[in-house]
Amino acid sequence: LEFEQAAYLRDKKIAIERVSEKQKVSNVSENNIDVIIVTLGGGLTYEEPSNQQYTSTLELINYAFDNYSYKTLNKSNSIYKTIRVENATEETKNLKILVKSEITAFVDNNTSEITPKVELKEKILAPIKKGQIIGKITYNILDTEYSSNLIAECDVEISKSEIYTFWACMSILVIFLIIKILLKKRKKKIY
């Protein structure tokens, strides 16, 4: 490509390169967005800077920067929501679920609300370790997926009453089995 002309738009330099007499490639960067415009047809001359090709390039660049941008949808370690963990201690039962990694997406500025798809584990029970993956959050924007894991903000301890209930049930089961075995042996001796 042969460098042909530079123009300024939005205080940014636009490099315009000639591919052929009627084909030009222009590029400009702003706010981490690179825009490349290819124009076909029309002439671009130094004497007539407002010609069709030059004007079309500027219109397309303005359109791109006015209508699209990068947007932070979730910051790293931001709270997605708080849930109640049923078998947890009173102190740790309210668990904040965090978005692990920042989600930044290239979006249409005219989109009012972007709703994520959230997948949480079906049954969230104690014990839970800080940073443990609880689920996933995904945004589908302009046919591109942006996602992050959802993690536990802190440790969640299992309730002592849950442990006691478990061992009480196990004890009753063992006693029941012992009685059943003894009754079977007793019936065999009678016959």
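This is a short talk on the cores, one hairpin and a surface patch of a predicted model.

Local features are given only where pLDDT is at least 70, side-chain atom pairs count only at pLDDT 80 or more, and totals for chains, interfaces and linings use all residues. Residues are numbered from 1 along each chain as its sequence is written, and side-chain values use heavy atoms, with hydrogens and water left out.

Let me begin with the interior. The largest nonpolar core, meaning buried Ala, Val, Leu, Ile, Met, Phe, Trp, Tyr and Cys residues joined through side-chain atoms within 4.5 Å, has 21 residues, of which Val85, Leu95 and Ile128 touch the most other members. Buried here is under 20% relative accessible area, exposed is over 50%, and partly exposed lies in between, with a 1.4 Å probe and protein chains only. Strands, which are DSSP runs of E of at least two residues, numbered from the N terminus, contribute as follows: S7 (94-99), S8 (103-108), S10 (133-141) and S11 (144-152) each give two or more residues, and S10 gives the most, with four.

A second, separate core of seven residues includes Val28, Val35, Ile37 and Ala64. Along S4 (residues 33-40), Ile33, Val35, Ile37 and Thr39 point to one face and are buried, whereas Asp34, Ile36, Val38 and Leu40 point to the other and are not. S4 pairs with S3 (residues 23-30) in the antiparallel sense over eight bridges, where pairing requires at least two DSSP bridges, and Gln23 has Leu40 as its bridge partner.

Finally, Leu177 lies in helix H2 (residues 160-190), and counts as partly exposed because its relative accessibility is 42%.
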